[in-house]
Amino acid sequence: MAAGGPIVQLAVVVLSVLGLWLGARFLVDAVVRLARRFGLSDLTIGLTIVAMGTSTPELAVSVDAAFKGLGDIAVANVLGSNIYNLAFILGVVSLFRVLPVTETLVRRDGLALLASTLLGVAVLFDGAVTRLEGVVLTGVFLAYTAYLLRTEQSDQTGTEQSASAATGTVTERLSFRGRDGLLLLGGLALVLVSGDYMVLAASALARGAGISEWVIGGTIVAAGTSTPEFAVSLVAIRRGSLGVSVGNVIGSNVYNLTGIVGVAALVRPLAASGTATATLLWLVGVSVAMVAALWTGRVLSRLEGALFAASEMVRWALGLLGALG
């Protein structure tokens, strides 16, 4: 593949994005159906399983990159995806419809977003993630998930109705229960294979174009692995489940910085380039600004969304121009 030239490598990246998106959708379809059979509430499913399901591309890419010793792609993918999720996905979604959110979502999950971001900064500030730090991050993710599972099953607010609508859009096309197992295995296999090809193609593309793996991982790869979050958020606003558009992104971001970085570091300790510091600070700024925007008036307005989306375009332009220059 690497010998095929940049056009072939770029084509592989595009096909890998499609494979990651389809695989994640199949995986979420199956897991949501199976979770409902075990009696989990729709809100719990929406805030945990859907968020984790849409993050399986980030998990596959970062773990595969860790296996290959490509720490820059593993870490940049997570940080870039989190920035892209908050700034571009929520920004673009709010241009279609103003996003109102509940007080619970802002207070509990907004604070969880800030806490996980600051924890990620503390761990990654020295440019490395050890296995011990991976254990800590994974433990934080498991504790947060357990907390949600324990508290949200009894929540019967309107947010639950919104989560029901959003998760229903994922599962309503399935008509045969016997397909759940095949969808689960097939989706997982598609994500893993696509993630492997994504890492190989992105690494070769970066070397061939003289662009650092950090820039490629934080832009093209990050946007590609975030396609499921984008799809779920767009489907949610079409169905009127506006709060879920925000909840899906926040849940995915918490999972990315704790669960994915933690698991990747357990596979192999991660080492990132010195440019990680600037990306970390940008992520902190975007996270604080997003929580502040949601906190004021409990909405993300179209103007705020446009500014967030523009900030992501500026980040991409600065990163790519800096790499090429």
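**Surface, core and one enclosed helix**

Trainee: What share of the exposed area of the protein chain do carbon and sulfur atoms supply?
Mentor: The chain exposes about 12900 Å², with accessible areas taken from the Shrake-Rupley method with a 1.4 Å probe (for residues, only the protein chains shown count as cover). This is a predicted model, where local features need pLDDT of at least 70 and side-chain atom pairs pLDDT 80 or more, while totals for chains, interfaces and linings use all residues. Residues are numbered from 1 along each chain as its sequence is written, and side-chain values use heavy atoms, leaving out hydrogens and water. Carbon and sulfur supply 71%.

Trainee: How much of the chain is buried?
Mentor: Buried means under 20% relative accessible area, exposed over 50%, and partly exposed in between (1.4 Å probe, protein chains only). Of the 325 residues, the buried ones make up 55%.

Trainee: Which helix gives the most to the largest nonpolar core?
Mentor: A nonpolar core joins buried Ala, Val, Leu, Ile, Met, Phe, Trp, Tyr and Cys residues through side-chain atoms within 4.5 Å. This one has 71 residues, and L294 is among those touching the most other members. Helices here are DSSP runs of H or I, at least four residues, and strands are runs of E, at least two, numbered from the N terminus. With 14 residues, the top giver is α4 (residues 71–96).

Trainee: Is α9 largely enclosed or open, and how many of its residues are buried?
Mentor: Helix α9 covers residues 213–225, and its end C-alpha atoms are only 16 Å apart, short of the 18 Å a straight helix would reach. That expected span is 1.5 Å times one less than the number of residues. The helix is largely enclosed by the rest of the structure, because the buried count is 12 of 13.

Trainee: How far apart are the C-alpha atoms of A276 and L124?
Mentor: A276 sits in helix α12 (residues 276–295), and at 4% relative accessibility it counts as buried. L124 is 152 residues away along the chain, yet the C-alpha separation is 7.8 Å.

Trainee: Which helix supplies the largest share of the nonpolar patch?
Mentor: Patch residues have over 30% relative accessible area and no salt bridge, with nonpolar side chains (Val, Leu, Ile, Met, Phe, Trp, Tyr) joined within 5 Å and like charges within 9 Å; a salt bridge puts a side-chain nitrogen of Lys or Arg within 4 Å of a carboxyl oxygen of Asp or Glu. L132, V135, V136, V140 and L266 form this one, with about 420 Å² of accessible area together. V135, for instance, is partly exposed at 47%. Four of the residues come from helix α6.
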